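Open the model in your viewer and keep the sequence beside it. The tour goes from one selection to the next and says what is there.

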Amino acid sequence: MARMMVVEDDPDIRALVMTRLSNRGHRVRGAGSAEEAMAVVDELGVPELVVLDVGLPLTDGVELLGMLRAREGGADLPAIFLSARVEPADIERGRAAGAEYLTKPFIANALFAAVDRLLAPRAAEGW
């Protein structure tokens, strides 16, 4: 399956999302901040999909997505924002960044459906 990264500052939510995705056969790494996420990318390369919280410390998830997409091989990085921010402006900002936007608390099946939607074009291209 796919190589994924979950960037979430709440360790319990991060562990839950990682477990759910791992149980579906994905290889998942986690990070609690943008700095940790970039260190993972420096070590392992850009993942095939990223799940990000918008409300990260210091650098928010939307900014982090831009940083990840600026990396070599990251221009078309599929992304899912998983956020407690439910204001229309926040949701629009996430979608304007070219990402799916799910709100917390989240339903696992909604996360799985978003992952499948985002990975389907890559699978068709032979990923």
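A crossover is right-handed if, with the strands pointing away from the viewer, the path from the first strand over the helix to the second runs clockwise. Keep that in mind for the first stop; note also that this is a predicted model.

**Stop 1: a β-α-β unit**

Select β1, helix α1 (residues 11–23) and β2. Together they make a right-handed β-α-β unit. Turn the view until the strands point away from you, then follow the path from the first strand over the helix to the second to check the clockwise run.

While α1 is selected, pick out Leu 16, which is found in this helix. Is Leu 16 buried, exposed or partly exposed? Its relative accessibility is 37%, so it counts as partly exposed. Now add Arg 95, which is 79 residues from Leu 16 along the chain; the C-alpha atoms of the two are separated by 24 Å.

**Stop 2: the whole sheet**

Show the strands alone. What is the order of the strands in the sheet? The sheet is open, has 5 strands and runs β2-β1-β3-β4-β5, with parallel pairing. The edges are β2 (27–31) and β5 (100–103); each has a single partner strand, so one side of each is left without a neighbour in the sheet. Ignoring direction, neighbouring strands of this sheet are turned by 20° against each other on average.

**Stop 3: strand β1**

Select residues 3–7, which form strand β1. How many of the residues of β1 are buried? The count is 4 of the 5, so the strand is largely enclosed by the rest of the structure.

Next, look at the partners of β1. With β3 (residues 49–52) it pairs in the parallel sense over 4 bridges, and with β2 it pairs in the parallel sense over 5 bridges. Click on Met 5: its bridge partner in β3 is Val 50, and its bridge partner in β2 is Arg 29. Then click on Met 4, which stands opposite Leu 49 in β3.

**Stop 4: strand β3**

Move the selection to β3 and show its side chains. Leu 49 and Val 51 point one way from the strand, while Val 50 and Leu 52 point the other way; all of these are buried. β3 also pairs with β4 in the parallel sense, over 3 bridges. In that pairing, Val 50 stands opposite Ala 79 of β4. Add α3 to the selection: β3, α3 and β4 make a right-handed β-α-β unit.

**Stop 5: helix α3**

Keep α3 (61–70) and hide the strands. Which residues of α3 are buried? They are Gly 61, Val 62, Leu 64, Leu 65 and Leu 68. Looking down the axis of α3, you find these buried residues within an arc of 155°, so they line one face of the helix. Bring the other elements back to see what covers them: the cover includes β1, α2, β3, β4 and α4 (88–96).

**Stop 6: helix α2**

Select residues 34–44 for α2. Its buried residues are Ala 34, Ala 37, Met 38, Val 40 and Val 41. Viewed down the axis of α2, they fall within an arc of 155°, so they line one face of the helix. The buried residues of α2 pack against β1, β2 and α3. Rotate to the other side of α2, where Glu 35, Asp 42 and Glu 43 are exposed. Then step past the end of the helix to Gly 45, which follows α2 and has a positive phi, near 90°.

**Stop 7: the aromatic pair**

The structure holds 1 aromatic pair. Select Phe 81 and Tyr 101: the centres of their rings are 6.2 Å apart and the planes are at 50°, so the pair is tilted. The pair links distant parts of the chain, with Phe 81 in strand β4 (residues 79–83) and Tyr 101 in strand β5, 20 residues apart. Are these two residues buried or exposed? Phe 81 is buried, and Tyr 101 is buried too.

Technical notes
Residues are numbered from 1 along each chain as its sequence is written. This is a predicted model: local features need pLDDT of at least 70, side-chain atom pairs count only at pLDDT 80 or more; totals for chains, interfaces and linings use all residues. Side-chain values use heavy atoms; hydrogens and water are left out. Two strands pair if DSSP finds at least two bridges between them. Helices (H or I, at least four residues) and strands (E, at least two) are DSSP runs, numbered from the N terminus. Axes are lines fitted to C-alpha atoms, for helices over the stretch in contact, and angles run from 0 to 180 degrees between N-to-C directions. Buried means under 20% relative accessible area, exposed over 50%, partly exposed in between (1.4 Å probe, protein chains only). The arc is that of the directions from the helix axis to the C-beta atoms. Contact means heavy atoms within 4.5 Å. Rings of Phe, Tyr and Trp (its six-membered ring) pair if their centres lie within 6.5 Å; planes under 30 degrees apart count as stacked, over 60 as edge-to-face and the rest as tilted.
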